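Colleague: I'd like to learn how to read sheets and chain contacts in a model like this one. Can we go through it together?

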Number of protein chains: 2
Amino acid sequence: MPVGTQGAVKGVTHRDLESVGADILLSNTYHLYLRPGDDLIARRGGLHKFIGWSKPILTDSGGYQVFSMASRRTIDEQGARFRSHLDGSAHLLTPEKATDIQAQLGSDIAMVLDECLAHPATPDGRAIARASMERTLRWACRARDRFLSLRDGLVPGVVVSNPGQAQFGIVQGSLFPDLREESARHTVDIGFEAYAIGGLSVGEPVDVMYDMVARTTPNLPANRPRYLMGTGTPEDLVESVARGIDLFDCVLPTRNARNGQLFTSEGKLNIRNARYAEDDRPPDPACGCYTCRTCSRAYLRHLYVVNEINAATLNTLHNLNFYLDTMRRIRDAIVFRRFENFRVAFLESLSRQPLDS
Amino acid sequence: MPVGTQGAVKGVTHRDLESVGADILLSNTYHLYLRPGDDLIARRGGLHKFIGWSKPILTDSGGYQVFSMASRRTIDEQGARFRSHLDGSAHLLTPEKATDIQAQLGSDIAMVLDECLAHPATPDGRAIARASMERTLRWACRARDRFLSLRDGLVPGVVVSNPGQAQFGIVQGSLFPDLREESARHTVDIGFEAYAIGGLSVGEPVDVMYDMVARTTPNLPANRPRYLMGTGTPEDLVESVARGIDLFDCVLPTRNARNGQLFTSEGKLNIRNARYAEDDRPPDPACGCYTCRTCSRAYLRHLYVVNEINAATLNTLHNLNFYLDTMRRIRDAIVFRRFENFRVAFLESLSRQPLDS
């Protein structure tokens, strides 16, 4: 899922997104709640109508942004108290509130509010991780209750913009396999339309992340999508699918594009590098996206160096196409029962030519 | 002509430009000369290949940007000495050099280097204007000589990237009708593929500008395009066509779009205005552009307020479509011999509802 934080993927129009085959967008509840506000969006008929995107939208719970503002928030059993990064105003995000906001936004998939720990390096990390995982379970119960009450029209004052909205539970448990397993089992017991793995990609070694994924997915229903939140590199996509994941979101393709980093079939390419000043080749000769069909590395470098907005647009289009194409290739490989061959060939090609080393 | 200063129209891809019917781009010699350099662009095969735009390109002479840097340039008969706004390096722009650079860029239309005066409000304005106009004529002779030498392959060290390039002369003469007439006659005597009117839209009252245009065009060949440089508002387009102009360039639609100002069939609309926060209508209900087909004023205001790049893209797309559509309507009206009716109706519609007054 491309990330459209504030109801738009930075630098690319919806039409451009459709041209690279984006079938679902992620949007951030925290940002939309503050501006323009979920009330305003509900009055517009929901997020789809407001932003003019008719395909699916997933919204996060807002928790991740709140927990990231270490100095501006406090957490207790009720929820998270925080101050807006815009005007300092005080807010309380509870499991119920996060569910209400997403009901008003009317996304197709809403996420429960979970407590997202940083990578726990302290000696008492295990106790902290257990307490946090258990709180996340209690919050998940409250979020599911609220979701069902909203669905039944029992919450006055909250507009349910999308009656067909689904709600995903989130597995926590830090880097402790047994906590992950316990979290998964209890979250599935609560009963959601599908399940996500949260609290990874937060600084732990990549092998540890893969291991946590591998130990969690067997505890999640095989007939429901499994969503690994906030991940990752192209390699992460392939390695996580190998361990049972179906759905991802990540700012890497879009954010790195704006910083001039292109993902290609031969590895990463930093377009601001002087070596590309006179390079007439497309960014990725193996790619069929608009950027690769029409722009040379020399032109893209020029646009980046002179600080043109179009650099962001063209780089983002390519990176999103590369990510979505990777997922298309994964799906094809699975259908044709060639996933293991694909996986080996893909990882090899990425390291074939270290473009910028 | 949309303005693509550095080889790109800010915020919109070439594909987007084609979708609003742009048939020719203007690009700025001053900027491309400094970055990435006309030598580099010539080595890429010229500006069309470098930027991936196969339709016509007009380049200015670079003079306007140099003359605008009052404190960083000096002018004498030879040309204009200036310091780069990027690194302070010293450069000399002569009529020959401006012609050489544009030959290397390989635009379809090159402009001669002219001296562009500010609106002369001093008592000796007439003498200054005459001297400047006469120098512009001498520069035009030198530029044409150089252009013909380049065409004949007589200038070693300069790459002629586009053998079919045309060169336009420029009429000066400030706000003195007789100087304008004299300038036009002598410029036509030198003999260019077509002619432009320069030195207007520099602060004079709009009626004075229209009058200068009306007094200049009769002295320019009717069978060659007449180009009014750096103009203007939608009203200016219609009023100038009424006085014999065929071709325009202006940053107004693109620059104002990035500042949130939309040109519509009912007048100007400042999308940042709070009154649009809950306005579900398209920016211009009479417009068929992508932005108007898919975005509400409320969404565009949100994107502008939260500082999304996409605000620039969507607003620019609309404004360019409005400008190009105005020119299409003008052409239709002329073909059907209804231009006067169109002109009256157009000017009336713009003032029908002062959207932001």
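Modeller: Sure. Let's start with the word "contact": here it means heavy atoms within 4.5 Å. Keep in mind that this is a predicted model.

Colleague: Okay, with that cut-off, how many residues does the contact take from chain A and from chain B?

Modeller: The count is 42 residues from chain A and 42 residues from chain B.

Colleague: And how do I put a size on that?

Modeller: The size of an interface is often given as the accessible area lost when the parts come together. In this model, chain A and chain B bury about 3,400 Å² between them, and 49% of that is on carbon and sulfur atoms.

Colleague: What about charges: how many salt bridges are there between chain A and chain B?

Modeller: There are 10 salt bridges between the two chains. One of them joins B:D16 to A:R15, with the closest N and O atoms 3.1 Å apart. For polar contact in general, the count between chain A and chain B is 27 residue pairs, both residues at pLDDT 80 or more.

Colleague: Which element gives the most to the side of chain A that touches chain B?

Modeller: That's α14(A), with 6 residues. Elements giving two or more residues to that side also include α1 (14-19) and α13 (297-305) of chain A. By class, the side of chain A that touches chain B has 19 nonpolar, 12 polar and 11 charged residues.

Colleague: Now the sheets. What should I look for?

Modeller: Strands of a sheet pair through backbone hydrogen bonds, either parallel or antiparallel. Chain B has an open sheet of 7 strands with parallel pairing, in the order β1-β2-β6-β7-β8-β9-β10. Its edge strands are β1 (25-27) and β10 (247-248) of chain B, each pairing on one side only.

Colleague: Can you zoom in on one pair there?

Modeller: Take β6 (residues 109-111) and β7 (residues 166-171) of chain B, which pair in the parallel sense over 3 bridges. Within that pair, B:A110 has B:Q167 in β7(B) as its bridge partner. Helix α6 (residues 95-105) of chain B lies across β2 (57-59), β6 and β7, and runs at about 160° to β6(B).

Colleague: And where would I see the antiparallel case in chain B?

Modeller: Go to β11 (residues 261-264) and β12 (residues 267-270) of chain B, an antiparallel pair with 4 bridges. They form a hairpin with 2 residues between the strands. To find your place in β12(B), note that B:K268 stands opposite B:F263.

Terms used. Residues numbered from 1 in each chain as written. Chains lettered and ligands numbered in written order. Predicted model: local features only at pLDDT ≥ 70, side-chain atom pairs only at ≥ 80, totals over all residues. Heavy atoms only, no water. Pairing = 2+ DSSP bridges. Axes fitted to C-alpha atoms, helices over the stretch in contact; angles between N-to-C directions. Buried area = accessible area lost by both parts, 1.4 Å probe. Salt bridge = Lys/Arg side-chain N within 4 Å of Asp/Glu carboxyl O. Polar contact = N/O pair within 3.5 Å; in protein donor to acceptor, adjacent residues only side chain to side chain. Nonpolar A, V, L, I, M, F, W, Y, C, P; charged D, E, K, R; others polar.
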